[in-house]
Amino acid sequence: MKSKKFSFNLENLGCANCAAKMEKKLKSLDGIDEVQINFVNKKLFLTFKESKQLEDIHPTIQNICSNIESEVIVSPILSNATSNTTTNSLTHNHDTEESCGCGEHHHDEHDSCGCDKHHHDEHNEHEGHNHDKNSSSHSHNHQHGGEHSKGELLKKVLTLLIGTVIGFIPIVFDIPNPLGIIILIAGYLILSYKILIESAKNISHGQIFDENFLMVIATLGAFYTKQYPEALVVMLLFQIGELLQDIAVDNSRKQLKSVMNLKPDYANLQTNSGVVTVAPEAVNIGDVIVVKPSERIPLDGEVIEGTSFVDTSSLTGESVPRSANIGDTVLSGSINGSGTLFVKVNSTYSNSTVAKVLDLVENASNRKSSTENFITKFAAIYTPIVVLLAILLAIFPPILTGTNDFSLWIYRACGFLVVSCPCALVISIPLGFFGGIGNASKHGILVKGSNYLEALNFVETAVFDKTGTLTQGVFEVTNVNVANEASLLDILSDDEKSTLQSASDQLLHVAGLVESYSNHPIAKSITKAANIPSASDQVSNYEEIAGHGIRATLSGQSVLAGSAKLLKKFNINFSEAPADTLGSIVYIALNDTFSGYLVISDQIKKDSKQGLEELRKLGIQTVMLTGDMKASAEIVGKELNLDTIYSELLPGDKVDKIEELLHKKGKNKNVIFTGDGMNDAPVLARADIGIAMGGVGSDAAIEAADIVIMTDEPSKIAQAIKIAKHTRKIVTENIILSLGIKFIVLFLVAFGMGSMWLAIFADVGVALIAIFNSIRALRYNL
């Protein structure tokens, strides 16, 4: 049965631990196939059976989420292109229905969207700027994800000040009891009334192990033991810590999202009545847009008028602008230089480069790393265990010691309750991974999930395709060697013989005619050299033989063009090119007679040698798989100092070699394969991590791999591994810091060497430190 996939905004979601509980609860629903909550982006993605409708399941989702965190509002992300209730895909599954908002496109189908994920840049107040408000499926009038407006922040600060002043009046002025206690309790209630209400709601919904409830019990315990000032101060410190934590998380999100500040706010559409400013989603293929100096290019297209330089650093990490002239392709998300460009649009916004890049970066957190999954499971058992220990600490020591001093041990147990919240871990770990993914994207490296970023830490072998990966993939015919002139004369017309006077030109012409039906890069280089602009009607019975070459009929004559394997397959006697020939060899046979061969050369990329050297410094073995001749492959391998070279491989042979390398790899080690993302899809899929040399705007590369190198530079792979290692270091630091301090404080509190103030630090203080530490993953400089 087909599945439906939906996405939702979780407005006002503020607790990472609560998000984990929501995810677990939703997974238990009947008919739900998959659930992911992205705490960083405040989004819920779920997949359920086709028989269910959104209107049927939405109330259930809202009820579950609000029962766990009462202020959360679950709002579906709907497509503005249609009024149906389908949204984006969570995973790559071509059998599912999907449409999407806010750039949440998962490559299978890209519907237009109107979500409010607009990142207003310097053109936000551009003269004549007229946003199409109706195109947005969301209102801008609310604060998404609980982000604090200045008014909300001021209200919370005033509440804290008023509660603090009133609560401290009896302490400062030494007002006697019971009046002093009454005033202090009044201050406590002002500080904690929201927590008390939230706790009561959660208890009614069966959510006992909630941070609010635990804090209430802890402070009421302090009241019970007559530690009135401490109860007030602990609640005050907790509220201050929570406020600072919310602000820190919000700022972290803003910094992380600034990496994705690519989305253009508008497009200048050229119409019969002049230039009109519209939403990028409203522009169709074939329309002409005007991109003024310093504006962000809203859609992919071809320059039809004007010249300029284009800054693509936000997409590729390259600081050097690219020239844009008539006939050149420009990409959405880039920033135009000083010239005005007229661009003919060649893709809708939802299929544009910027939409796909935003999708990859924003949704990378949906694929969780093993560390995140472990922390989520750990948090689920950590809190109940600590609460149970708190109960035991309050009851058994006074009984066993015979002192019956329950007040002392209840006070210590309250410290346990404060420390029991795992928010420091549950918040900081995903923020750390998202920071690493954001950092990678700044360098033109798109990582599709935290799991892939984590896997880069354990790479043992890096396998490369040759053409288009280690080499430029730009082929040129560098030599034509004729072996039998007579065979050419039999196949050429009189006009062709008179025009093509040399035997080399004649062999190249024949090869160009036969290759004119192929889209292979080598075939294109031959047709270009032979000046054959389109498929020739002289060719019939055209057949591509995978891994070998082409068989066809030209002017009634049989023609073979391909590798040495092709001629051997048809038992053609021929002389192979010299072993030191640099390039790919295309052998030609006419009517079962060897006529000669062409040499097509490809240049090694400038940074391939540096990139492979960086990998070797990281202790990673390098392997090359190629279908080229052994001699040609070895020349490239020697130049790049590769550890192992496998040549003359068919597509299936490459998969077999990857299987062999996977079988030989060490325990918990990974094999990565880097290819062009189109011809190497089977190998990319089979490797532990598939990396595509995507090039900017390459649809096939973005679809095929787990990681996409937008600049086609092999050196980026070593950079990605360094970013992954730095991110893992930060995540490990957060785990050790959070658990270490919590366990130490639990020990100190249990033996009377720590107060609840120290417990507060172990909760919100450590969470703040871990959050700020996570941001270092975004700021790491290579």
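**Exercises: strand E1 and helix H25**

Of this protein's 782 residues, 56% count as buried (under 20% relative accessible area; exposed is over 50%, partly exposed in between, with a 1.4 Å probe and protein chains only). The model is predicted, so local features need pLDDT of at least 70 and side-chain atom pairs 80 or more, while totals for chains, interfaces and linings use all residues. Residues are numbered from 1 along each chain as its sequence is written, and side-chain values use heavy atoms, leaving out hydrogens and water.

**Exercise 1.** Work out which residues of E1 point which way, and whether they are buried or exposed.

*Solution.*
- Start with the general pattern: in a regular strand, side chains alternate between the two faces of the sheet.
- Now sort E1: Ser3, Lys5, Ser7, Asn9 and Glu11 go one way, and Lys4, Phe6, Phe8 and Leu10 go the other.
- Then check burial: nine of the nine residues of E1 (residues 3–11) are buried, so the rest of the structure largely encloses this strand. Strands are DSSP runs of E, at least two residues, and helices are runs of H or I, at least four, numbered from the N terminus.

**Exercise 2.** Find which residue stands opposite Phe8.

*Solution.*
- Look at E4 (residues 73–76), which pairs with E1 in the antiparallel sense over four bridges; pairing takes at least two DSSP bridges.
- In E4, the residue opposite Phe8 is Pro76.

**Exercise 3.** Describe how H25 is covered.

*Solution.*
- Locate H25 at residues 756–774, 19 residues in total.
- Count its buried residues: 14 of the 19, so H25 is mostly covered.

Technical notes: Expected span 1.5 Å × (residues − 1).
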